[in-house]
Each structure stands twice: as C-alpha cells, then as structure tokens.
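These are my notes from going through one model, starting with how its helices pack and then turning to charged pairs and the surface.

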Amino acid sequence: MNDALNLLQPYPFEKLRTLLAGVQPPADKKAIALSIGEPKHPSPAFVAKALTEHLDQLAVYPTTAGLPALREAIVTWCEQRFRVPTGWMDAAQHALPVTGTREALFSFTQAVVNRQEGALVVSPNPFYQIYEGATLLAGAQPHYLPCLPEKGFNPDFDAVPAEIWDRCQLLFLCSPGNPTGALLPVETLKRLIELADQHDFVIAADECYSELYFDEDNPPAGLLTACAELGRKDFSRCVVFHSLSKRSNLPGLRSGFVAGDAEILKRFLLYRTYHGCAMPIQVQRASIAAWSDEIHVRENRVLYREKFDAVLAILKDVLDVERPDGGFYLWAKTPLDDESFARELYAKEHVTVVPGSYLSRTVDGVNPGANRVRMALVAPLNECIEAAERIRAFCSR
C-alpha cells in the first residue's frame, strides 16, 4: 500500500461523529444540521429536464475532453462573469469539464506536482481538506498560511519567506474562503501572479463559492479577472476551479470545470485520460443548461441573503460573528473551546456545527480555527431561524 495513506487525517465529519458519539440529544427537538455544506435549495427544474431528455446517451462513452458545446458554454460564462475579453479564451484549449471540483482539485495536484525532495504545496489555514490529502499523496509537503481576523481572514502573503516561494510548486487559493467566507482582493491576486512568475509555481484558485455574494451589483473578482486586468492573455500559471454544486444547487450532478493556462490543461487532460473520469454526456447537456442561465443563480442568492439577515439578527448579541464576504458559512467565535461548544450544543439543542480546529492545522502553536465553529446556512429559512434561536438560548445559558 501507498505509505502516504498513513499521513492522512480523518475528515472533519469523521472527527465530529467521534466527538458526538454517545451523546443523547433532546428527543423533543428536531435535529438541525449546520455542519455539512450541502445545498438544500431546490435544483433547477430545467436542468433536470435537460438531463432526462438525453438519457439515450447512456449508451455512449463520453470523451474526457467533453463536448465542444459544453466547453463553449463554460468559456462564454467565464467571459461574461469575470470580464475576460471575448476571444482570449479558446474553448478547445482553455477549459475542461470535470466531475466536481473535489475530484479535480485532487487529480490536478497529482498532475502538477513534480515529486522531489522539498517540494511544497502552499494553502490557506483553515482549508478544504482535499488540499492537504492531495498534497501528501502527490509526494509533496503542505505549507499552511494562517487566516486570522487581523488580516481579514486572508493569508498574509507578504510574510511568506522567499525560500518558501522557491520551494512552492502549487499555491491553493479559496475565495470566498471555506470556512471564513473571506474574499481575496483583485490586487492581491495580481501580486500572487507576479510571485508565481518570479518563483515558478502554479496558482490553483478554488472559486466554487464565487457565485454566493451579497451585493448584486458587485460580483467578486476572480483569478481570471486579475489575468484580464493584467493583459495576461495566456493565463500563464493560472487555473481556476468552478462547480455547479453551490451556484446551482446541484451537488449530486458532480459537474464543474477547470479553466486557464492552456499548456497546463493540456497536460492535465493527458492525466485525466488515464484517470478515467469523463463526464457522462447527459450530465454535460444538463451542465450546458445550468451554465447558460443566471436567473436561478440570482434567485439562489436572494434565499441566502434572507437567511444571513435573519440568523445574524438573532445571534449578534450572544456570539462574536460577522457577515462574511461570500459563501454560505458563518465563522463564529465561541465563548468556550470549539469542541466543547459543538458537543454541548448538540447535547442541549440537537444542532450540529463543525469545530473550527477540525478545519485547521496547528502551526507554531497556533490553530486558526481554535475557539471557532463553522455553521453552514444551507437548511431552509425556517430551520436556520430555529437553529439560531436554539444557539442563542444555549449561549445565553
């Protein structure tokens, strides 16, 4: 067996199950899960229709590169969403469909990392755990950058020593962040592109929460926006990851894309051809429908705004918590240690949240997730309100 498997930590939800094992929550209170970030809003009916209309394609092997029509839809969306000038992106070279960003982030790391002593993959801390697992199984070492409140929950990239950048092969970004919801300013993204050129590393921008934001007139910038503003037509060293899971409430479709540097994607396509993860054609057709419509996405944002407004109004006097820049998580500071808070909240109120320390790693004695919990506002509005009222009662006691 691969020895690197021994380096993998249990997933946060496994740790949470262990923490709550043996706890008997009150039977008279319905369970409300704010732990798993699984969208609960209805999936678009027109996407389901497109899926079922192409079930005859079940008898056809899909290609790894995907349908030209899907890649065209992806490029069109990128141009419109991130203000990339028309014609800069070639659908045949700059976009590739993937079976969800989780799979793509993992496999991309295996394709990009050149196994050698001292190789580093740099990521924010806290982070989506696939970054760490993919790094270790690719034969590299993770290097964590703390996301602290004094820096707006973004890494302090200026504090990273040059020798770390020199060893860095891949930099993971997540904007809006999971779990913090923090956005990376476009000027920071431009600076990171300069560092990538200077130190020769690849930037992998996980932007799967990018379509969940609060100001309808100001959609957040992404790595492609930074490339466009820099006049970087080749998107060199820059790759973005997007998904329909959060944007369109389609986590079960397992559909997303990677876009950016054509030379990197060419090599990644070669890896994926052997990896065997082509997207079924009926899923591709449904994905075209989803990427081509913005009405359902705007409606989705309205639902999340309502939940944030309601929940924050209830919790503001009892918890140190603020509206994030984007995403659907609250990153709340707890009045006691995060594990005790999560366990006691479940025991007293039948509400599950994730201890922040499960989403982070301790570096130099500091765990950026300590004394924080992540709350996913994915349940229906009435359940989120009830959960917030139970949390308020728990904190008041």
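Before looking at any helix pair I fixed the convention that angles under 35 degrees count as roughly parallel, while those from 65 to 115 count as roughly perpendicular. I also kept in mind that the model is a predicted one.

**Entry 1, helix packing.** I looked up α3, which covers residues 68-82, and found that it packs with α12 at an angle of about 20 degrees, the two axes being 9 Å apart. Under the cut-off above, α3 and α12 are therefore roughly parallel to each other. I noted the handedness as well, and the crossing of α3 and α12 is left-handed.

Next I took α13 with α15, where the angle is about 15 degrees and the axes are 9 Å apart. That makes α13 roughly parallel to α15, and the crossing in which α13 passes α15 is right-handed.

The third pair I checked was α14 (residues 338-349) with α15 (residues 381-396), whose axes come within 10 Å and cross at roughly 110 degrees. This value makes α14 roughly perpendicular to α15, and I recorded the crossing of these helices as right-handed.

**Entry 2, salt bridges.** How many salt bridges does the count come to? I get 22 salt bridges by the rule applied here, and I followed several of them individually.

I began with E132 and R361, which form a salt bridge whose closest N and O atoms are 2.8 Å apart. E132 lies in α6 (residues 130-137) and R361 in the loop between β11 (354-355) and β12 (372-376), so the pair ties together parts that are 229 residues apart in sequence. I then asked whether these two residues are buried or exposed, and both E132 and R361 turn out to be buried.

I turned next to R305 and E216, whose side chains meet in a salt bridge at 2.4 Å, N to O. Because R305 lies in α13 (residues 295-315) and E216 in the loop between β6 (202-206) and α9 (223-230), the pair ties together parts that are 89 residues apart in sequence. I checked the cover on each partner: R305 counts as buried at 18% relative accessibility, whereas E216 is partly exposed, with a relative accessible area of 31%.

My third pair was E294 with R247, a salt bridge in which the closest N and O atoms are 2.6 Å apart. Here I placed E294 in the loop between α12 (281-291) and α13, and R247 in α10 (residues 244-247), so that the bridge links distant parts of the chain, 47 residues apart. E294 is partly exposed, with a relative accessible area of 27%, while R247 counts as buried at 1% relative accessibility.

I also asked which residues are linked in a network of salt bridges, and I wrote down R83, E187, K190 and E229 as linked in this way.

**Entry 3, surface patch.** Which residues make the nonpolar surface patch of about 350 Å²? I found that M1, L5 and L8 make it. I then looked up L8 in particular, which is found in the segment before α1 (12-20). With a relative accessible area of 33%, L8 is partly exposed, and I noted that the partly exposed class lies between the buried cut-off of under 20% and the exposed cut-off of over 50%.

Methods:
Residues are numbered from 1 along each chain as its sequence is written. This is a predicted model: local features need pLDDT of at least 70, side-chain atom pairs count only at pLDDT 80 or more; totals for chains, interfaces and linings use all residues. Side-chain values use heavy atoms; hydrogens and water are left out. Patches are made of residues with over 30% relative accessible area and no salt bridge: like charges are joined within 9 Å, nonpolar side chains (Val, Leu, Ile, Met, Phe, Trp, Tyr) within 5 Å. Accessible areas come from the Shrake-Rupley method with a 1.4 Å probe; for residues, only the protein chains shown count as cover. A salt bridge is a side-chain nitrogen of Lys or Arg within 4 Å of a carboxyl oxygen of Asp or Glu. Helices (H or I, at least four residues) and strands (E, at least two) are DSSP runs, numbered from the N terminus. Buried means under 20% relative accessible area, exposed over 50%, partly exposed in between (1.4 Å probe, protein chains only). Axes are lines fitted to C-alpha atoms, for helices over the stretch in contact, and angles run from 0 to 180 degrees between N-to-C directions. Angles under 35 degrees count as roughly parallel, over 145 as roughly antiparallel, 65 to 115 as roughly perpendicular and the rest as oblique. A crossing is left-handed if the near helix is turned anticlockwise from the far one by less than a right angle, and right-handed if clockwise.
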